[in-house]
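Reader: I'd like to learn how to read charged pairs and cysteines in a model. Could you walk me through them?

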Amino acid sequence: MFPLNNPILYYQYNLKDRQNQTENLLNIVNTYEYIIFYAILFISYYQSMTCTISKTVLSVLLCGVFWKGEYMKKTIVILMILMIVGLGIMGCTTTSAYTDISVVDAKDLIDSTPDIIIIDVSPVYADGHLPNAVSYPLGDGSLDDAIPMLDMDVTYLVYCHTDAASMEGAQKLIDAGFENVYRLEGNYAAWVDAGYMIEGAYMDISVMDSKVLIDSMADIIIIDVSPVYADGHLPNAVSYPLGDGSLDNAIPMLDMDMTYLVYCHTDEASMAGAQKLVDAGFKVVYRLEGNYAAWVDAGYMIEK
């Protein structure tokens, strides 16, 4: 009941009531200030975070700010700052992913980046690979073993024979903290289809492309592995018949840094001849598709 019969008491009561109302109003204002401040803080950090864990923890902490008392707010703010700093140190807030790159762009990248490291994560590296590629198969754990020894400051190009494997290999590098990681779209098959040089395997080449290759490379070595060289052969070809062991005898004396074009009169023989060069460590070996007959059918010059 209001003390209406006592003016002094009434005034004191009314004054206290107004003070309470003022304090309540200030609390409301302070609450909105907290809401606005933490909302801005939340939005700023949430948008900059890519780690799901950090987003979840930040959300929980900010909810706690609104639910708890003043001292709890201060405690949670401190925890939130520590969390943000900690996650930043661990790299959890860093946006990072490997980059898919087309075969054309990959060739340009390799040509323009001398220290690039090309990683073949397939188990069939010996059957053919990109020039200067290193073999770290995914399946046997070789890539996992190699990662701690790799330089994190250089550029990497990862490929395989399937998308699933090359994606997994590239992601392993990213998860380990590597930043400049590319994955070859289309993998090894795309590189071969583009006609780019490979190592560890010979390359089939059409008769038309063979003619262009011969015309553009004065020092190319053309090997006829047939036993009928005298009946007709490509201009400037040398005769190393497969059947009598001539090719095997010649291989140790050949320059491994040169480019070779192998042909015969049958696919079986030309494939065997080209593979012998590859097995001996020759890097650039072509096999003429269609062999001698394709060259003649194209109307190109022959010698006898």
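Reader: Which side chain does Lys172 meet in a salt bridge?

Author: Happy to start there, with a reminder that this is a predicted model. A salt bridge here needs a side-chain nitrogen of Lys or Arg within 4 Å of a carboxyl oxygen of Asp or Glu. Lys172 satisfies that with Asp144, at 3.0 Å from N to O. Helix α6 (residues 163-175) carries Lys172, while helix α5 (residues 142-146) carries Asp144, so the bridge links distant parts of the chain, 28 residues apart.

Reader: Are these two partners buried or exposed?

Author: Neither label fits, because partly exposed covers what lies between buried, under 20% relative accessible area, and exposed, over 50%. Lys172 has 24% and is partly exposed; Asp144, at 37%, is partly exposed as well.

Reader: How many salt bridges does the rule give in total?

Author: The count is eight. One of them pairs Asp100 with Arg183, whose closest N and O atoms are 2.7 Å apart. This pair also ties together distant parts of the chain: Asp100 belongs to strand β1 (residues 99-101) and Arg183 to strand β5 (residues 181-184), with their positions 83 residues apart.

Reader: What does accessibility say about Asp100 and Arg183?

Author: Here the two partners fall into separate classes. Asp100 is partly exposed at 36% relative accessibility, whereas Arg183 is buried, with a relative accessible area of 4%.

Reader: Which partner does Asp267 have?

Author: Asp267 bridges to Arg287, with 3.1 Å between the closest N and O atoms. Once more distant parts of the chain are linked: Asp267 sits in helix α10 (residues 267-279), Arg287 in strand β10 (residues 284-288), and the two are 20 residues apart. Asp267 counts as partly exposed at 40% relative accessibility, while Arg287 is buried at 5%.

Reader: Which residues are joined into one network by shared partners?

Author: Asp100, Asp163 and Arg183 are, through salt bridges that share partners. When you read a list of pairs, it helps to look for a residue that turns up again.

Reader: Now the cysteines. How many disulfides does the structure hold?

Author: Zero. A disulfide would need a pair of cysteine sulfur atoms within 2.5 Å.

Reader: And are Cys160 and Cys264 buried or exposed?

Author: Cys160 is buried, with a relative accessible area of 5%, and Cys264 is buried too, at 4%.

How values were computed
Residues are numbered from 1 along each chain as its sequence is written. This is a predicted model: local features need pLDDT of at least 70, side-chain atom pairs count only at pLDDT 80 or more; totals for chains, interfaces and linings use all residues. Side-chain values use heavy atoms; hydrogens and water are left out. Helices (H or I, at least four residues) and strands (E, at least two) are DSSP runs, numbered from the N terminus. Buried means under 20% relative accessible area, exposed over 50%, partly exposed in between (1.4 Å probe, protein chains only).
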